[in-house]
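Subject: Handing over a structure

Dear colleague,

I am passing on the structure below, and after it you will find some notes on what turned up. Please read them with the structure open beside you.

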Amino acid sequence: MSLPKTEKIWHNGKFIRWDDATIHVLSHVVSYGSAVFEGVRCYETTQGPAIFRLREHMQRLVNSAHIYRMDVSFSVDALCQASLDLVRENKMTACYIRPIVLRGYGDAGVNPQNNPIEVYFACWEWGKYLGEEALRNGVDVCISSWNRSAPNTLPQMAKAAANYMNSQLIRMEAKVNGYEEGIALDVNGYVSEGSGENIFVVSNGTVYTPPLANSALPGITRDTVMTLCRELDLPLAEQMIPREMLYIADEVFFCGTAAEITPVRSIDRIKVGAGSRGATTKRLQEEFFAITSGKAADRHGWLSPIGVPSGAAVR
């Protein structure tokens, strides 16, 4: 199924038609995966559409590009404004936003430095990544045979397109074998993350998540969950998680911009806890969705209202 089109895509500071957002087949990104990107959600709130943790996403986009020596000629402020303008231009009330920084058409060799940097922002309607039912009842997942890359092979702190070839293998293997998602271990056999989500484990009242050193992406939703845990007085620890801890946990859940907060009900056909959404996961979901819907106070300034037009983004 193809993406539902919107009218405009933002490209290097200007709006273009959706169908005009094309690249040459010999663009560097096609052969070598030389792109970094983000996934951002705009929520329909009681006060109108608002983008969740916009600035943090744009800062991570710039950080990812910097790691790969990609010079983004737009400031974080300008990228934030481009996101707001894009949603407004397409008259969206809720949507998923995909910013991409890529290396375009130029030299054909591995060295990317003579290829132009292109910046695209698109948005479209996108529902729950793992399904509405998954948020209530949880998903069945497996431990993947594919490990996350070692930090000295591909930098895992960068949200880079090439990293997601690994994610594709994890997700395809899981789906072919009858699971909804896969969990990757790092090169030392410790829990890392899902194919496109961070992971949390609840055991004896404490919420655990792997540290970034276990080849986990510094997720924006991960940070959100950790902040909410502290506010709700839930004991929280970043520590290495052995595989078998997943099987004896009281609760396990994924989090991410697409997955939001999704409980895991079984791992490798072994029931997690009661085999349904646990109390801690439910409590975090309720707080998360209360904030993103505007029903709870935005006490951290996480929501950026779309508001009224403020002019085109500047370089």
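The model is a predicted one, and in it the helices α2 and α3 are oblique to each other. To put figures to this, the axes of α2, which covers residues 54-67, and α3, which covers residues 76-89, come within 9 Å and cross at roughly 125°; an angle over 145 would have counted as roughly antiparallel, and one of 65 to 115 as roughly perpendicular, so this pair falls under oblique. The crossing in which α2 passes α3 is right-handed. On the α2 side the contact is made by Leu54, Arg55, Met58, Gln59, Leu61 and Val62, and on the α3 side by Val76, Asp77, Leu79, Cys80, Ser83 and Leu84. Sorted by class, the residues of this contact are 8 nonpolar, 2 polar and 2 charged.

Next come the pockets. The largest pocket has a volume of about 630 Å³ and is lined by 31 residues, among which Phe37, Lys159, Tyr164, Ser195 and Gly196 lie nearest its centre. Two or more lining residues are given by each of α2, β6 (95-103), α5 (163-176), α6 (220-231) and β14 (251-256), and the largest share, 5 residues, comes from α5. The lining of the largest pocket has 11 nonpolar, 13 polar and 7 charged residues.

The second largest pocket holds about 430 Å³ of space, and of the 19 residues that line this pocket, Ile23, Arg98, Ile100, Leu102 and Tyr120 lie nearest its centre. The elements that give two or more residues to its lining are β3 (35-37), β6 and β7 (117-124), with β7 providing the largest share, 4 residues. In the lining of the second largest pocket there are 16 nonpolar, 2 polar and 1 charged residues. You may wish to look at β6 in particular, since this strand gives two or more residues to the lining of the largest pocket and likewise to that of the second largest pocket.

Lastly, there is the matter of enclosed space. The count comes to 1 cavity of 30 Å³ or more, and about 40 Å³ of space lies in the largest cavity. The residues that line the largest cavity are Val40, Arg41, Tyr43, Phe52, His57, Thr221, Thr257 and Phe288, and strand β4, residues 40-45, contributes the largest share of them, 3 residues. By class, this lining has 4 nonpolar, 3 polar and 1 charged residues.

With kind regards

How values were computed. Residues numbered from 1 in each chain as written. Predicted model: local features only at pLDDT ≥ 70, side-chain atom pairs only at ≥ 80, totals over all residues. Heavy atoms only, no water. Axes fitted to C-alpha atoms, helices over the stretch in contact; angles between N-to-C directions. Parallel < 35°, antiparallel > 145°, perpendicular 65-115°, else oblique. Left-handed = near helix turned anticlockwise from the far one by under 90°. Contact = heavy atoms within 4.5 Å. Nonpolar A, V, L, I, M, F, W, Y, C, P; charged D, E, K, R; others polar. 1 Å grid on protein atoms, 1.4 Å probe; cavity = no way out; pocket = protein on both sides within 12 Å on 5 of 7 lines; lining within 4 Å. Points joined across faces, edges and corners; volume = space filled by probe spheres on them.
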